[in-house]
Amino acid sequence: MSETEDTFAGTSARSTKHSAREDDALAHEVEGMIRAGRSTHAEEWNDPEPTAEGEPDVDSSPADTLTGGVPQGMTPDAVVARAELARWLDRADFPSTGPDLVEAARDHRAPDAVADELSRLPDGQVFERIGDVVRALGYPTET
């Protein structure tokens, strides 16, 4: 069974590698490392091995470049700005007007910079998705 516009694949069609309990246990195991940004194991032997000498550090954005590149027609700054806006808005927040999106971002405890950026949206316009918001704010989009 595949997902279509009006139906969603049932649980039998999803991955069954782990149970929900094991997924939660695995998430809990790495939660401290994600929050701290470093290893949180008490025993040194349990730490992941460091990066080899001469190899670049593992990072989601090595040397200030986006992994995988930038879509054609966009700039790295526009990609980062779009991701930051999308980070604080859920699909459930759409369709909405500018003031409603500012309120939604504040409800999600977005930083003031995000709320200020969303407050620049034109009044009276309804936005269906994050792409519409980005275009209305004047950011370049992929071509």
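Q: Leaving aside neighbours within four places in sequence, with which residues is Pro111 in contact?
A: This is a predicted model, in which local features need pLDDT of at least 70, side-chain atom pairs count only at pLDDT 80 or more, and totals for chains, interfaces and linings use all residues. Residues are numbered from 1 along each chain as its sequence is written, and side-chain values use heavy atoms, with hydrogens and water left out. Pro111 lies in the loop between α3 and α4, where helices (H or I, at least four residues) and strands (E, at least two) are DSSP runs numbered from the N terminus. With contact meaning heavy atoms within 4.5 Å, the partners of Pro111 outside those neighbours are Glu84 and Trp88.

Q: How many Å apart in space are Pro111 and Trp88, C-alpha to C-alpha?
A: Pro111 is partly exposed at 35% relative accessibility, on a scale where buried means under 20% relative accessible area, exposed over 50%, and partly exposed in between (1.4 Å probe, protein chains only). Although Pro111 and Trp88 are 23 residues apart in sequence, their C-alpha separation in space is 8.9 Å.

Q: Which residue other than glycine has a positive phi near 60°, in the loop between α3 (98-107) and α4 (112-118)?
A: Most residues other than glycine have a negative phi, and most peptide bonds are trans. The residue with the positive value is exposed, with a relative accessible area of 72%. The residue with phi near 60° is Arg109.

Q: Which peptide bond is cis?
A: The second residue of this bond, Pro95, is found in the loop between α2 (76-87) and β1 (96-97). With omega near -10°, the cis bond is the one from Phe94 to Pro95.

Q: Within what arc do the buried residues of α2 fall?
A: α2 has 12 residues and reaches 16 Å from its first C-alpha to its last, close to the 16 Å expected when the span is taken as 1.5 Å times one less than the number of residues. Ala78, Ala81 and Leu85 are buried in α2, and what covers its buried residues includes α4 and α5. The arc is that of the directions from the helix axis to the C-beta atoms. Seen down the axis, the buried residues of α2 line one face of the helix, because they fall within an arc of 65°.

Q: Which helix supplies the largest share of the largest nonpolar core?
A: A nonpolar core is a set of buried Ala, Val, Leu, Ile, Met, Phe, Trp, Tyr and Cys residues joined through side-chain atoms within 4.5 Å. The largest one has 18 residues, and those with the most contacts inside it are Leu89, Leu118 and Val133. α3, α4 and α5 (130-136) each supply at least two residues of this core. The largest share, 4 residues, comes from α3.
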